[in-house]
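The exercises below are meant to be worked through with the sequence and the model side by side. Try each task before reading its solution.

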Amino acid sequence: MTHPTRDHVLDAAAKVFAEHGFRGATTRRIADAAEVNEVTLFRLFGSKDALLGEAIRTRVYEREVAQLPDVPGDARAELVAWAGSEYEHLLTHRSSIRQGMSELVERPDLCRCMAQGPRGGYSRLQRYITALARDGRCAKNANAVNAAAMLLGALFADVMGRDMLPDALPPAREVPAAYVEMLLAAIGYRARPSAARRRPSTARAKRSS
């Protein structure tokens with residue numbers, strides 16, 4: 001038996017949950033994976049529910065979300081890098097995410113922790129698309145909420161469906177760029193601000209001269 005730490009036990013619990021789900025993640029299995037005894041689990045966390053709740057929240061859903069700049073630069077490059085980070089996270093944790101989704105009927109309280117990461121991603125992406133629209137770099141009627149849902153929904157569906165329909169999806173290495181191109185086309189992205197948005201500053205410059 002190793003000298004236990006909370007992080008060590010949480011890592012083991014998250015791994016067992018990804019493989020067996022909530023019901024199958026018994027305290028015996030978790031203790032064996034962590035190389036501690038079951039008494040240690042209860043001493044550190046009080047109950048199986050508390051242990052698994054913290055493991056799922058901290059190891060899967062609460063995380064450092066990739067950032068997008070407040071002022072967009074090369075939107076294509078920035079969005080591809082951001083989408084790539086999101087996609088890698090989903091791929092890494094897809095077993096845990098599937099297990100969590102399968103538990104929602106019996107354990108609706110999981111919704112709260114499962115929404116942590118996705119909510120942050122949606123907010124950042126919506127703000128970024130709104131900034132593009134404000135700078136005249138996409139269609140005036142571009143809907144940031146719908147556009148963010150489209151990109152993140154495509155990434156999520158790809159990860160969840162890749163095992164079942166690999167031939168119907170882009171190669172994994174091409175996924176971030178492929179879905180970002182879809183987003184950019186949908187919002188009418190342009191690399192530079194439109195002439196209509198640039199004219200006011202030109203007019204002001206003439207008046208001042």
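**Exercise 1. Which residues is Ile30 in contact with, leaving aside its neighbours within four places in sequence?**

Solution. Keep in mind throughout that this is a predicted model.

Step 1. Leaving aside the neighbours within four places in sequence, Ile30 is in contact with Ala12, Ala13, Val16, Ala25, Leu41, Leu51 and Leu52.

Step 2. Ile30 also appears, together with Thr27, Ala31 and Ala34, among the buried residues of helix H2, which covers residues 27-34. Looking down the axis of H2, one finds these buried residues within an arc of 100°, so they line one face of the helix.

Step 3. The buried residues of H2 pack against helix H1 (6-24), helix H3 (38-45) and helix H4 (48-61). On the other side of H2, Arg28 and Asp32 are exposed, and just after the helix Glu35 takes a positive phi of about 60°.

**Exercise 2. Find out how many residues the largest nonpolar core has, and which helix gives the most to it.**

Solution. Step 1. The largest nonpolar core has 52 residues, and those with the most contacts inside it are Ile30, Leu51, Leu79, Leu125, Leu151, Leu155 and Ile187.

Step 2. At least two residues of this core are supplied by each of H1, H2, H3, H4, helix H5 (75-92), helix H8 (116-134), H9 and helix H10 (175-187). The helix that gives the most is H9, with 9 residues.

Step 3. As a background to this result, nonpolar side chains tend to be buried together in soluble globular proteins.

**Exercise 3. Check what distance the 18 residues of H5 should span, and list which residues of H5 are buried.**

Solution. Step 1. At 1.5 Å a residue, the 18 residues of H5 should span 26 Å, and the C-alpha atoms at the two ends are 26 Å apart, which agrees.

Step 2. The buried residues in H5 are Ala75, Leu79, Trp82, Ala83, Gly84, Glu86, Tyr87, His89 and Leu90. One of them, Tyr87, returns in the next exercise through a polar contact between its side chain and that of Asp158.

**Exercise 4. Is Asp158 buried or exposed, and with which residue does it form a salt bridge?**

Solution. Step 1. Asp158 is found in helix H9, which covers residues 144-161. With a relative accessible area of 1%, Asp158 falls under the 20% limit and is therefore buried.

Step 2. The salt bridge partner of Asp158 is Arg162, with the closest N and O atoms 2.9 Å apart. Arg162 also counts as buried, at 14% relative accessibility.

Step 3. The side chain of Asp158 makes a further polar contact, of 2.6 Å, with the side chain of Tyr87. Not counting residues up to four places away in sequence, Asp158 touches Tyr87, Leu169, Pro170, Val175 and Tyr179.

**Exercise 5. How many salt bridges does a search of the whole structure find, and which parts of the chain do Arg6 with Glu54 and Arg98 with Asp163 link?**

Solution. Step 1. The search of the whole structure finds 10 salt bridges. In one of them the side chains of Arg6 and Glu54 meet, at 2.8 Å from N to O. Since Arg6 lies in helix H1 and Glu54 in helix H4, the pair ties together parts that are 48 residues apart in sequence. Arg6 itself is partly exposed, with a relative accessible area of 37%.

Step 2. Arg98 forms a salt bridge with Asp163, where the closest N and O atoms are 3.2 Å apart. This pair links distant parts of the chain, 65 residues apart, with Arg98 in helix H6 (residues 94-103) and Asp163 in the loop between H9 and H10. Both residues are partly exposed, Arg98 at a relative accessible area of 30% and Asp163 at 47%.

**Exercise 6. Which residues are linked with Arg59 in a network of salt bridges?**

Solution. Step 1. The network links Arg59 with Asp7 and Asp11. Arg59 has its place in helix H4 and is partly exposed, with a relative accessible area of 23%.

Step 2. Between Arg59 and Asp7 there are 9.6 Å in space, C-alpha to C-alpha, although they are 52 residues apart in sequence. The side chains of Arg59 and Asp11 are joined by a polar contact of 2.8 Å.

Step 3. Leaving aside neighbours within four places in sequence, Arg59 is in contact with Asp7, Leu10, Asp11, Ala14, Glu54 and His93. Glu54, in this list, is the residue whose side chain meets that of Arg6 in a salt bridge.

Technical notes
Residues numbered from 1 in each chain as written. Predicted model: local features only at pLDDT ≥ 70, side-chain atom pairs only at ≥ 80, totals over all residues. Heavy atoms only, no water. Helix = DSSP H or I, 4+ residues; strand = E, 2+ residues; numbered from the N terminus. Buried < 20%, exposed > 50% of the residue type's maximum accessible area, 1.4 Å probe, protein only. Polar contact = N/O pair within 3.5 Å; in protein donor to acceptor, adjacent residues only side chain to side chain. Contact = heavy atoms within 4.5 Å. Arc of directions from axis to C-beta. Core = buried A, V, L, I, M, F, W, Y, C linked by side-chain atoms within 4.5 Å. Expected span 1.5 Å × (residues − 1). Salt bridge = Lys/Arg side-chain N within 4 Å of Asp/Glu carboxyl O.
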